[in-house]
Amino acid sequence: LTSLSMLGFVLPSTLNSFLVTWLSTRYPRYRIMTVGLLLHGLLAPLPVIRPVLWMLVGGSALFAISASTMMSPATPQLIAIVDGLGGASYARIYALINMTYSLGMVIGPAIVGAIKAKTSYPVGMLFITACCLLYCPLFFLLMRRREGGDRLEAKQIGMNVEALTSVVSLN
């Protein structure tokens, strides 16, 4: 049963990554990521609405599609930021992505687990929904296109990227 539910997550996520990558070459990546974040928030409660196999697998598949819609454009966006800064710190960006993803995979379930212990799992998933939906407008405003194209201006983000990547490289 667990293997089947994981297949319902991994396969749609992988297939959707190809579509999102193609879309990322044609549309601003921050918009695609915002749509993914919005979908992620809206779809988070689906796997817990009804505890039946088809709902678990179907909800997981939709949740996986929203997750890959958020994550697939992230690396090219960060590479564009590094290019805009004129640096060659791609390894730092990759390490930063892995570090933040790993922290999220540890912290997210811990928070939902703590909420579940006090209330219920659906309430925990509603908490995830609220976080995604509240962060969505802020993310869009922070990442929206500046004058002159899809890339963020290096002057605006240079300090933040350098601060974050210096933590990763421990310099």
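**Figure 1. Asparagine 16 in helix H1 of the predicted model.** Helix H1 covers residues 2-24, and asparagine 16 is one of them. Asparagine 16 has a relative accessibility of 11% and therefore counts as buried, the limit being under 20%. Its side chain takes part in a polar contact of 2.9 Å with the side chain of threonine 69. A polar atom of the asparagine 16 side chain also lies 3.0 Å from the backbone oxygen of isoleucine 65. With neighbours within four places in sequence set aside, the residues in contact with asparagine 16 are Ile65, Ser68 and Thr69.

**Figure 2. Serine 66 in helix H4.** Helix H4 is made up of residues 53-71 and includes serine 66. The relative accessible area of serine 66 is 1%, so this residue is classed as buried. Glycine 36 is 30 residues away from serine 66 along the chain, yet the two C-alpha atoms are 4.8 Å apart. Gly36 also appears among the contacts of serine 66, together with Leu39, His40 and Leu43, when neighbours within four places in sequence are left out.

**Figure 3. A nonpolar patch on the surface.** The patch consists of Met99, Leu103, Val106, Ile107, Ile111 and Phe127. Together these residues have about 500 Å² of accessible area. Helix H6, residues 90-118, makes the largest contribution to the nonpolar patch, with five residues.

**Figure 4. Isoleucine 111, a member of the nonpolar patch.** Isoleucine 111 is located in helix H6. Its relative accessibility is 36%, so isoleucine 111 is classed as partly exposed, a class that runs between 20% and 50%. Ile111 shares the patch with residues including Ile107 and Phe127.

**Figure 5. The whole chain, as context for the close-up views.** The secondary structure of the protein amounts to eight helices and zero strands. Along the sequence the pattern reads α-α-α-α-α-α-α-α. The protein has 171 residues, of which 34% count as buried; asparagine 16 and serine 66 are both classed as buried. About 10,400 Å² of the protein is exposed, and carbon and sulfur atoms supply 72% of this area. For contacts between residues at least 6 apart in sequence, 74% link residues that are at least 24 apart.

Technical notes:
Residues numbered from 1 in each chain as written. Predicted model: local features only at pLDDT ≥ 70, side-chain atom pairs only at ≥ 80, totals over all residues. Heavy atoms only, no water. Patch = residues over 30% accessible without salt bridge, like charges linked within 9 Å, V, L, I, M, F, W, Y side chains within 5 Å. Areas by Shrake-Rupley, 256 points an atom, 1.4 Å probe, with all protein chains shown as cover. Salt bridge = Lys/Arg side-chain N within 4 Å of Asp/Glu carboxyl O. Helix = DSSP H or I, 4+ residues; strand = E, 2+ residues; numbered from the N terminus. Buried < 20%, exposed > 50% of the residue type's maximum accessible area, 1.4 Å probe, protein only. Contact = heavy atoms within 4.5 Å. Polar contact = N/O pair within 3.5 Å; in protein donor to acceptor, adjacent residues only side chain to side chain.
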